[in-house]
Every structure is written in structure tokens, then in C-alpha cells.
Amino acid sequence: MKKWFAVIGDPIEHSKSPAMHNAWFEEMGIDATYIPIHVTSHQLASAVAGLKTLGANGWNVTIPHKTAIIPYLDELDELAQKMGAVNTVVRTQEGKLKGYNTDGIGFVRSLEDAVGTDHKNRSVLLVGAGGAARGIAFAMQQQGYCDLTIANRTVANAQAIVDEMGMGRAMSLQEAEETLADFSIIVQMTSAGLATGNFSMPFSLDRLTSEAIVADIVYNPLMTPFLQAAEEQGATIVTGLGMFVHQGAIAFEHWLGSYPNTNSMIAQLKAQLGGN
Ligand code: ATR
């Protein structure tokens, strides 16, 4: 029987997930389809019941439902539990709904795709302490990164993640700016300026060294002001596109058991987003 998958969110029309998953199904000869479904917060309970009744094999969850969906699920994997957020639901063979969070591991795969896996002992500066940052911090810890510092506008929010991880340290954005040369890997995860579409910098990168690796989790635009400034300083940059593609690929693997081709998808999306 044809399998079907979905992404639920509000808004949903700009999601690139349906095109990505449908392209993978076609490429891999899998008889399945993936559709976007607009679900408001008021509709979440009935939407989950509907997806279950109608036999969806799994679905992705995006803003604003990543935390709100948890009470409707039967099980959570360890990382989703720790993060308190789910972006992927799998309907198991027994008909149970299991929630995963593939965002953080998606980021780690993207980073390791770009720069290799031999950086786990290097000093990492995570900039931001919101939902996305929590996910990446826990995933990096789980994957063996052992020197994590979180800098945030509200230091208490960074300290709360450090306390939950039981490792690392928290600092202000100003302290991060002043000690930037001490860090090998820097990850921009704040939403500074996102809402207005007018991206601003959380701090200046004047003290960045050219040996640093600098990543941003935003992929549209591909070159954020943070990455542009890092490139000007000669650093290696990692755009947010790889994270988006890998979080989708990990969800795909949870649903169907195989890992799709991420390199060609990243190249296709990069061309669409105006990169080269
Ligand atoms: P997300 O789910 O994308 O992580 P979020 O949970 O709303 O979004 O978190 C937003 C992050 O961006 C937080 O780290 C926030 O800092 P605070 O904890 O101090 O609020 C950070 N942020 C938002 N606007 C910012 C700005 N103008 N300058 C610096 N940091 C900003």
C-alpha cells in the first residue's frame, strides 16, 4: 500500500520539506507521498487524531507545535524528551506514535559533513539559548563534544541549559565577543533580527581567528550577515542548509530505514537559494 507522510505547522506554505521528501521517494523508487498540512494550534488535537485514523506512516512537526504535540504521543526518544520538543513522529508497527527530535543531530551531521569528525575536543561557542540552541547543545553533548560554552543575551537562559547538561559554561554576548579567539567552532543560533527580516549581528566578529569554523542555523538567506563577516575574516563557514537537509534525512531514516542522498539535495537547494 502507498505510504504517506506529512508536515504540520502554521504557517506551512513555505516549507521545503514536501519537495525534498518527494524527490527522495522518486529517486529511491519508494511508493510514498509527503504533503504539507496547515494546522493551527486549536486544531492540533484533532489533526493528530486524524493523521492516526487516516493511516499516516509518520509526519514532521514544525512551528508552533514542536512542544504542544508531546501530550498526544505515546513515546519519546531520549533526545526529544530532554529537549522537550519533537520534529518527527513515527507510527510504529503496533500503531503507537513515537516522537523524535532530529534537528540537533541534523546540525552535528551537517557540521561533520563540512569539516570532518575530528573536532570533538575543540572549544565550541554556542550563541543563543532558545529552543534551537537547546537542541543543538544536547545533541553535541550526546555526540561527544566535550568543551561547550553557551553565550546569550540573557545569561540566565544559557546557564539553565548548562545546568541541565551538567557541563560547559554560560557567558554574556559581550564576554563571547571579547574572548572569541579562544573558540574553534562558533555556532550562531539566535533569532536576532529574524522576525523583521533585517538580520542583525549578536556581536562583532573582529576577534575571530581564520582557523575558526563558523556555522549558522538559518539557511534562507544562505549567507547570513554572521557568515559573511566570518568569511571576511577568513574562517571556514557552514551554512544552515546542511542542518535542514540532514534533519529531514534522519526523519526519513526513522520512517523508512534507509538514509537518502543528502549531498545532491544540498546542491539542488543551494542552487534554488542562489548559492553556488
Ligand atoms: P528558536 O526556537 O529559534 O531558538 P527562541 O526560542 O525564541 O527561538 O530563541 C531566540 C534566541 O535568540 C534566544 O537565545 C534569544 O536571546 P534571549 O534568551 O536573551 O531572549 C536570542 N535573541 C533574540 N533576539 C535577539 C537579539 N536582538 N540579540 C541577541 N539575541 C537575540
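In the predicted model, a polar side-chain atom of Arg153 is placed 2.9 Å from an oxygen atom of the ligand. Thr154 also directs a polar side-chain atom to the ligand, with 2.5 Å separating that atom from a ligand oxygen. At Ser191, by contrast, the polar atom belongs to the backbone, and an oxygen atom of the ligand is found 3.0 Å from it. Considered alone, the ligand exposes 650 Å², of which 65% is buried by the protein.

The surroundings of the ligand comprise 13 residues, and those that come nearest are Ala129, Asn152, Arg153, Thr154 and Asn157. Arg153 and Thr154 therefore appear both in this nearest group, which is defined by heavy atoms within 4 Å, and in the contacts described above. By residue class, the shell contains eight polar residues, four nonpolar residues and one charged residue. Because arginine is counted as charged, the charged member of the shell is Arg153.

Two pairs of helices were examined for their packing. Such a pair is described by the angle between the two axes and by the distance between them. Helix α4, formed by residues 103-115, and helix α9, formed by residues 241-256, have axes that come within 7 Å and cross at roughly 120°. This angle makes α4 oblique to α9, because it falls outside the range of 65 to 115 degrees assigned to roughly perpendicular pairs and is not over 145, the limit for roughly antiparallel ones. The crossing of α4 and α9 is right-handed.

The second pair consists of helix α1 (residues 17-28) and helix α10 (residues 262-272), whose axes come within 11 Å and cross at roughly 135°. On account of this angle, α1 is likewise oblique to α10. The passage of α1 across α10 is a right-handed crossing.

Attention may now be turned to the peptide bonds. Most peptide bonds are trans. The bond from Asp10 to Pro11, however, is cis, and its omega is near 5°. Pro11 is located in the loop between strand β1 (3-9) and helix α1, the helix that crosses α10. A cis peptide bond also leads from Asn220 to Pro221, in this case with omega near 10°. Pro221 lies in the loop that runs between β11 (213-216) and α8 (225-232). In each of these cis bonds the second residue is a proline, and each of the two prolines is placed in a loop between a strand and a helix.

Note on methods: Residues numbered from 1 in each chain as written. Predicted model: local features only at pLDDT ≥ 70, side-chain atom pairs only at ≥ 80, totals over all residues. Heavy atoms only, no water. Polar contact = N/O pair within 3.5 Å; in protein donor to acceptor, adjacent residues only side chain to side chain. Areas by Shrake-Rupley, 256 points an atom, 1.4 Å probe, with all protein chains shown as cover. Axes fitted to C-alpha atoms, helices over the stretch in contact; angles between N-to-C directions. Helix = DSSP H or I, 4+ residues; strand = E, 2+ residues; numbered from the N terminus. Parallel < 35°, antiparallel > 145°, perpendicular 65-115°, else oblique. Left-handed = near helix turned anticlockwise from the far one by under 90°.
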